[in-house]
Each structure stands twice: as structure tokens, then as C-alpha cells.
Amino acid sequence: MEPKIKITGLDFYYNGRPVLENICMEVVENTITAVTGPSGQGKSTLLMTLNRLWESIEGARVKGDIQIRFGQKFQNIYDPGFRVSELRKKVGMVFQMPNPLPMSIYKNIVFPLKLTGDHKQKDAAFRVETALKRSFLWEEVKDRLNEDARSLSGGQQQRLCIARALILNPEVLLLDEPTSSLDDTSGRMIEALLLEVKKTCTLLLVSHYLDQVKRIADKGMHLSRGQITQEW
Ligand code: ADP
């Protein structure tokens, strides 16, 4: 089992206030690592350090080292030569509230391909279908791809957002409370698809639900006041 992510001595500050302190952890490839803990302990911030999403927040600052292995080589994702656009292709993210764009189901899924210029007309339809199949959504939407994505149920919208993240074939997927806004049945379906996705991707899952963590996570860590207080 090869490590995929190595975090060493990670500190994070909002306007000088520390919210992560000396985080050291390794994430093994093709596993689901759960990050648990009450609200306000730095879980979302920790995820955002892995795709540099926090960089648009004024007054935010990071210290420490995050290495992710792409191919055979570990790379420091904060190296000045490391392009954030490349990072975001390889490290996808799904949020607590499903956030479909105001456009059709098909256009939602194909959007990242257009955004990254990775858009070959020929294989776009195939890639959309593959992403929707990986998200367990294809059978439900294959006959209505031109309908507005906002007409889908909450659970379907969240699977759409997962498909939108998967179309770029990310190597790492960050999931911030992906089932908190959903009913049990929808949540269970997402758990099942994440277990499939981890065969080809490394997942970090922030979750409030200890039963969910027990069901699907390979490893877990508990964050309290910005520090890892427990690992299993
Ligand atoms: P969690 O995901 O565990 O709920 P967060 O990472 O969202 O925790 O937040 C950790 C701490 O950082 C909290 O005290 C929160 O209020 C603060 N925080 C989060 N985002 C910002 C921001 N954009 N500006 C200032 N403080 C923030």
C-alpha cells in the first residue's frame, strides 16, 4: 500500500489566528480516509489545503509541506512551479450542498472538460457517460441529459456533482460532508459509489457520521482545535 499524500508540519492561519497546528499525516493510495470532529475544528480547511482552494481567501496563510505523488514522483503542491490549474485537475472536490450549474445535466458534466481545455468533441459524450456510470446516475438520467440539472432530486444532484468531479479522472477526491444534506437512502448510494471510486482514486472524506465512517473508511483521524487528537 503506497502513500499518495504526505503532510508534514502543516499550520494554517486565518488573519493570524491558527486553525491547524502541526498536522502530520500520510494518506494511502486507493483508500478512504475519514476526517471527523465537531464543527469549527479545521476539517474543511484541511481539505482546502490539498487543492489550494483557500488561496482566494484574504488573510489566509499556510505553512508546512504537502506532497502528493503523481505517477512515481512526489511533488510539493506549493512549489512555485506547480500550477494550480494542473492541481485542480488531479485533485477534485465535492461539497456538502450539491451545487449544479444552471444548465443541462449533460452540460454540467462536460463543463470541467471545457474549462480545462481538455475537451475533445469526439470523446466528450463517452466521458460523460462513463462519469455518470461511475456515479451510479446513468440509468436515471440517460434519457433526459438535456434537462436542467436543477430538476434532479437532492441525492441525484449530489451524484451529478460527483460525476462532474470524476470526468477529469482525478487521482485524489476531497469530499466535504457529501451526504449531510441527503436522506439515508441517497446517502447509502453515495457510500456505495465511493467504495467503487476508491479502486482508482484516493479519497479524503470529512464526515460527521461515525456510522458512515465505520462503514466505508479504511482509516480515520479526529481533529480537535486544529490538531489530530486520535488516529485509527
Ligand atoms: P470545520 O470544517 O471543522 O467545521 P473549518 O475548517 O470550516 O472547520 O473552520 C475552522 C475555523 O476557521 C473555524 O473557527 C472557522 O470559524 C474559521 N474559518 C473558516 N473559514 C474562515 C474564513 N474564510 N475566514 C476566517 N475564519 C474562517
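Q: In this predicted model, which ligand atom is 2.9 Å from an N or O atom in the side chain of Arg-17?

A: A polar contact is a pair of N or O atoms within 3.5 Å. In this predicted model, the side chain of Arg-17 offers an N or O atom that is 2.9 Å from an oxygen atom of the ligand. With Lys-43 the partner again belongs to the side chain, where an N or O atom is 2.8 Å from a ligand oxygen, whereas Gly-42 places a backbone N or O atom 3.0 Å from an oxygen atom of the ligand.

Q: How much of the ligand's accessible area does the protein cover?

A: On its own the ligand has 560 Å² of accessible area, and the protein covers 64% of that.

Q: Which elements give two or more residues to the shell around the ligand?

A: They are strand E2 (17-28) and helix H1 (43-51), and H1 supplies the largest share, three residues. Among the residues around the ligand are Tyr-14, Val-19, Pro-38, Ser-44, Thr-45 and Ile-57.

Q: How do the residues of that shell divide into nonpolar, polar and charged?

A: The shell holds four nonpolar residues, six polar ones and two charged ones.

Q: Away from the ligand, how should I read a helix such as H3, and which of its residues are buried?

A: An α-helix has 3.6 residues a turn, so residues three or four places apart point the same way. In helix H3, which spans residues 105-115, the buried residues are Ile-105, Asn-108, Ile-109, Val-110, Pro-112 and Leu-113. After H3 comes Gly-117, whose phi is positive, near 70°.

Terms used. Residues numbered from 1 in each chain as written. Predicted model: local features only at pLDDT ≥ 70, side-chain atom pairs only at ≥ 80, totals over all residues. Heavy atoms only, no water. Buried < 20%, exposed > 50% of the residue type's maximum accessible area, 1.4 Å probe, protein only. Helix = DSSP H or I, 4+ residues; strand = E, 2+ residues; numbered from the N terminus. Near = heavy atom within 4 Å. Polar contact = N/O pair within 3.5 Å; in protein donor to acceptor, adjacent residues only side chain to side chain. Areas by Shrake-Rupley, 256 points an atom, 1.4 Å probe, with all protein chains shown as cover. Nonpolar A, V, L, I, M, F, W, Y, C, P; charged D, E, K, R; others polar.
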